[in-house]
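Biologist: I should like a close look at a single part of this model, followed outward to whatever surrounds it. Please explain each step of the reasoning for a student in the first year.

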Amino acid sequence: MERRPHENVATVLVDPAVLRDLEMHLMSLDLRLWPVATAPICADGPRRAFQIRRRMVESRRGSWDDAADWTPVWISFGESWYDGAEPLPWSAHRVLWQTLERYADHVRYRLGLGGVPRLDVPRERTA
């Protein structure tokens, strides 16, 4: 049985005060930030965001209580990080984790990537 196509993502809790700045920084690196509550792959995004946030905060038994109201996001990798069907290179992982380290006071995450159904980026139409 073949695995369904998926997107490699980091699941991150982000302080809403830096959400826009982090998104712009990630975009400059061809990384994409997707708030779970509004992600196009979620039938009930707000509920899924609540569940992810709760699971992440509670798993840290008090050490992440400051993030109880933060925004759960997925961060995915743009096309420039991929080489055809080859696995995602380690340099992509490194850039992501180093970027998140710069926002350490405003993000909470576990090292490692998960998989979600493909998050398709809308493309501009050309004539």
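Modeller: Let us begin with R54, which is partly exposed, as its relative accessible area is 46% and that class lies between the limits of 20% and 50%. The model is a predicted one. R54 forms a salt bridge with E58, and the closest N and O atoms of the pair are 3.0 Å apart. Both residues belong to helix α2, where four residues, or about one turn of the helix, separate them. The general rule behind such a spacing is that an α-helix has 3.6 residues a turn, so residues three or four places apart point the same way. Side chains of opposite charge can pair when their charged atoms come close.

The helix itself is the part to examine. Helix α2 covers residues 45-59, and its 15 residues should span 21 Å at 1.5 Å a residue; the C-alpha atoms at its ends are 21 Å apart, which agrees with that expectation. Which residues of α2 are buried? They are G45, A49, I52, R53, M56 and V57. Viewed down the axis of α2, these buried residues fall within an arc of 120 degrees, so they line one face of the helix. R47 and R55, by contrast, are exposed on the other side of α2.

What covers the buried residues of α2? The cover includes three strands: β1 (6-14), β3 (71-77) and β4 (107-109). Just after the helix comes R61, whose phi is positive, at about 45 degrees. R61 is found in the loop between α2 and β3, and with a relative accessible area of 79% it is exposed, since that value is over 50%. Its phi deserves notice, for most residues other than glycine have a negative phi. A second example is D30, with a positive phi near 60 degrees. D30 is placed in the loop between α1 and β2 and counts as partly exposed, at 23% relative accessibility.

The loop between α2 and β3 also contributes to a salt bridge. The side chains of D66 and R108 meet there, with N and O 2.5 Å apart. Because D66 lies in that loop and R108 in strand β4, the pair ties together parts that are 42 residues apart in sequence. The two partners differ in burial: D66 counts as partly exposed, at 43% relative accessibility, whereas R108 counts as buried, at 14%.

Strand β1, another part of the cover, holds a charged residue of its own. E7 forms a salt bridge with R118, and the closest N and O atoms are 3.9 Å apart. This pair links distant parts of the chain, as E7 is in strand β1 and R118 is in the segment after β5 (114-117), 111 residues away. E7 counts as buried, at 7% relative accessibility, while R118 counts as partly exposed, at 44%. The count of salt bridges comes to three.

Strand β3 leads to a neighbouring strand. Five bridges join β3 to β2, and the two strands run antiparallel. One pair of bridge partners is L33 and I75, the latter in β3. Four of the five residues of β2 (residues 31-35) are buried, so this strand is largely enclosed by the rest of the structure.

I75 also brings us to the interior. The largest nonpolar core has 21 residues, and those with the most contacts inside it are V12, V14, L22, I75, L96, L100 and V107. At least two residues of this core come from each of β1, α1 (19-28), β2, β3, α3 (90-102) and β4. Helix α3 gives the most, with four residues. A second, separate core has 16 residues, including V9, W64, W74 and L119. In soluble globular proteins, nonpolar side chains tend to be buried together.

Two residues complete the view. V14 touches L19, L22, W70, T71, V73, H106 and V107, when residues up to four places away in sequence are not counted. D15 lies in the loop between β1 and α1 and is buried, with a relative accessible area of 15%. By the same way of counting, D15 touches W70 and H106.

Terms used:
Residues are numbered from 1 along each chain as its sequence is written. This is a predicted model: local features need pLDDT of at least 70, side-chain atom pairs count only at pLDDT 80 or more; totals for chains, interfaces and linings use all residues. Side-chain values use heavy atoms; hydrogens and water are left out. The expected span of a helix is 1.5 Å times one less than its number of residues. Buried means under 20% relative accessible area, exposed over 50%, partly exposed in between (1.4 Å probe, protein chains only). The arc is that of the directions from the helix axis to the C-beta atoms. Contact means heavy atoms within 4.5 Å. Two strands pair if DSSP finds at least two bridges between them. A nonpolar core is a set of buried Ala, Val, Leu, Ile, Met, Phe, Trp, Tyr and Cys residues joined through side-chain atoms within 4.5 Å. A salt bridge is a side-chain nitrogen of Lys or Arg within 4 Å of a carboxyl oxygen of Asp or Glu.
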